[in-house]
Amino acid sequence: MTDLSALSLPVTPEPGVGARSPLLTTYRRESLVLPNRIVMAPMTRGRTESRERIPSSMEATYFAQRAGAGLVVTGGTYVSPQAVGGIRVPGVYSDEQVEGWRHVVDRVHTRGGRIFLQLAHSGSISHPDLLDGALPVAPSAVNPLQKTFTPAGFKDTIVPRALERSDIAAIIDDFGRAARNARLAGFDGVELHAANVYLLPQFLSSAVNQRDDDYGGSPGNRSRIVLEVLDALAAHWPRQQIGIKLSPGLHGVGVMVANEDTLPTYDYLVDQLDRLDLAYLHLMRPMMDVSATAIAMLQGDTYRHFRTRYRGTLIANGGFDVDTASALIASGEADLVSFARHFIANPDLPERIASGSRLASGDMGTYYQGGEQGYTTYPVMAA
């Protein structure tokens, strides 16, 4: 296994805020105590080689290399076999997976880091080839019009099975068991994946959720499962060690489109989250132009808008560089900023920011699959 402690690159200063950056200040709120405000964003990297979806020593090395982040958040981790939506992604529903994660956590803690496990369910973004022939599930029988990475390559999604109320209760229980397993593995907390195009945001979207029961038809009903899952997590964790990720600006991804219900739904949900005293709200800004949609006001004001509704720790996510992230923290619109691609190629990202050194670029061809190359092989700076 490649040991990055022996690899280094010369420091090449570049213009920027460097050591003056507010990203490098400590952050403390209740049980969340961080040495800097730089979060490693959850990313799917497709490096779990075990057929049983057990995280490997290679993954432990990868996360340990990046333990200098104020907080590391793992990629989305499946809470049950039904939650699976792709190949080479780990789970947290078996004893063997828990043991694999324990090794990851121990490595991160040995390097002085803090790590949360992101809990995920793919919903309709899956395929029978990944589910032993079973249909994917969703709030309603609506094809998400996406592609899913199966053992035979990318395949088109299909019309999923609409969940019965008993199915929903079982999924909530799955999240609770996964949260318990995360605690057994030694994580510092958990993040609920309610962003992008997966099961929970499918419930939040009236473009996908066509239910007429208690889980559809109004902002409160569409948000119900998210709040019930948070309650299930809180049976095993203090709420101050539970985060949640949302993407209210998501638009134009298959059938997931913003409409007149989007902002009222997320406003309602964030108002409820504000009362729960969670570890944080991890908020993704729009990654596409939404200026001509019903959520146009989120185009440039996502954090200003939700900061007025959420008084807890707010993490900003979505294509930030050092200068724009620093400016956002300085403005008070967010407390922390999460980085994805910058952490891929810069395992020592906080140190590079502190020195004002130039950030390395990653190889996109190795972002989502492969072995060590492009995963644990990026060097750190020379001292």
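A residue counts as buried when its relative accessible area is under 20%. Asparagine 221 has a relative accessible area of 17% and is therefore buried. This residue belongs to a predicted model. Asparagine 221 is found in helix α5. Beyond residues up to four places away in sequence, asparagine 221 touches Asp213, Asp214, Tyr215 and Gly216.

The overall fold was examined next. The protein contains 10 helices and 17 strands. Its C-alpha trace spans about 60 × 45 × 35 Å along the principal axes. The radius of gyration is 20 Å. A compact globule of 383 residues would have a value near 21 Å, so the two agree. Of the 383 residues, 58% count as buried. Contacts between residues with a separation of 6 or more were also considered. Residues 24 or more positions apart account for 72% of these contacts.

The surface and the charges were treated separately. About 14900 Å² of the protein is exposed. Carbon and sulfur atoms supply 51% of that area. The protein carries 35 positive and 40 negative charges. The mean positions of the two sets are 4 Å apart.

Helix α6 covers residues 262–274. At 1.5 Å a residue, its 13 residues should span 18 Å. The end C-alpha atoms are 18 Å apart, so the helix agrees with expectation. Helix α6 is mostly covered, with 10 of its 13 residues buried. The buried set includes the leucines Leu263, Leu269 and Leu273. Tyr266 and Val270 are also buried, as are Thr262 and Thr265. Asp267, Gln272 and Asp274 complete the buried set. In an α-helix there are 3.6 residues a turn, so residues three or four places apart point the same way. The buried residues of α6 pack against three helices, namely α4 (199–204), α5 (219–234) and α7 (298–307). They also pack against strands β13 (242–246) and β14 (280–284).

The loop between α6 and β14 holds aspartate 277. Aspartate 277 has a phi near 55°, a positive value in a residue other than glycine. Its relative accessible area is 30%, so aspartate 277 is partly exposed. Leucine 145 also has a phi near 55°, again positive in a residue other than glycine. Most residues other than glycine have a negative phi. Leucine 145 is placed in the loop between β8 (137–138) and β9 (147–150). At 57% relative accessibility, leucine 145 counts as exposed.

Helix α5, one of the packing partners of α6, also holds leucine 233. Leucine 233 has 0% relative accessibility and so counts as buried. Leaving aside neighbours within four places in sequence, leucine 233 is in contact with Leu119, Phe175, Ala179, Val190, Leu192 and Ile242. One of these residues, leucine 192, lies 41 residues from leucine 233 along the chain. The C-alpha atoms of the pair are separated by 8.7 Å.

Histidine 193 is found in strand β12, which runs over residues 189–194. At 8% relative accessibility, histidine 193 counts as buried. Neighbours within four places in sequence were again left aside. Histidine 193 is then in contact with Gln118, Leu119, Ala120, Tyr198, Leu200 and Lys245. Leu119 is also among the contacts of leucine 233. Glycine 216 is 23 residues from histidine 193 along the chain. The C-alpha atoms of these two residues are separated by 19 Å. Glycine 216 is one of the residues touched by asparagine 221.

The loop between α10 (349–355) and β17 (380–381) contains serine 357. Serine 357 has 3% relative accessibility, so it counts as buried. Isoleucine 115 lies 242 residues from serine 357 along the chain. Their C-alpha atoms are separated by 26 Å. Glycine 370 lies in the loop between α10 and β17 as well. With a relative accessible area of 31%, glycine 370 is partly exposed. Apart from neighbours within four places in sequence, glycine 370 is in contact with Gly46, Arg47 and Arg88. Glycine 370 and tyrosine 62 are 308 residues apart in sequence. In space they are 13 Å apart, C-alpha to C-alpha.

Key. Residues numbered from 1 in each chain as written. Predicted model: local features only at pLDDT ≥ 70, side-chain atom pairs only at ≥ 80, totals over all residues. Heavy atoms only, no water. Helix = DSSP H or I, 4+ residues; strand = E, 2+ residues; numbered from the N terminus. Rg over C-alpha atoms; globule rule 2.2 N^0.38 Å. Buried < 20%, exposed > 50% of the residue type's maximum accessible area, 1.4 Å probe, protein only. Contact = heavy atoms within 4.5 Å. Areas by Shrake-Rupley, 256 points an atom, 1.4 Å probe, with all protein chains shown as cover. Lys, Arg positive; Asp, Glu negative; His and termini not counted. Charge placed at Lys NZ, Arg CZ, Asp CG, Glu CD. Expected span 1.5 Å × (residues − 1).
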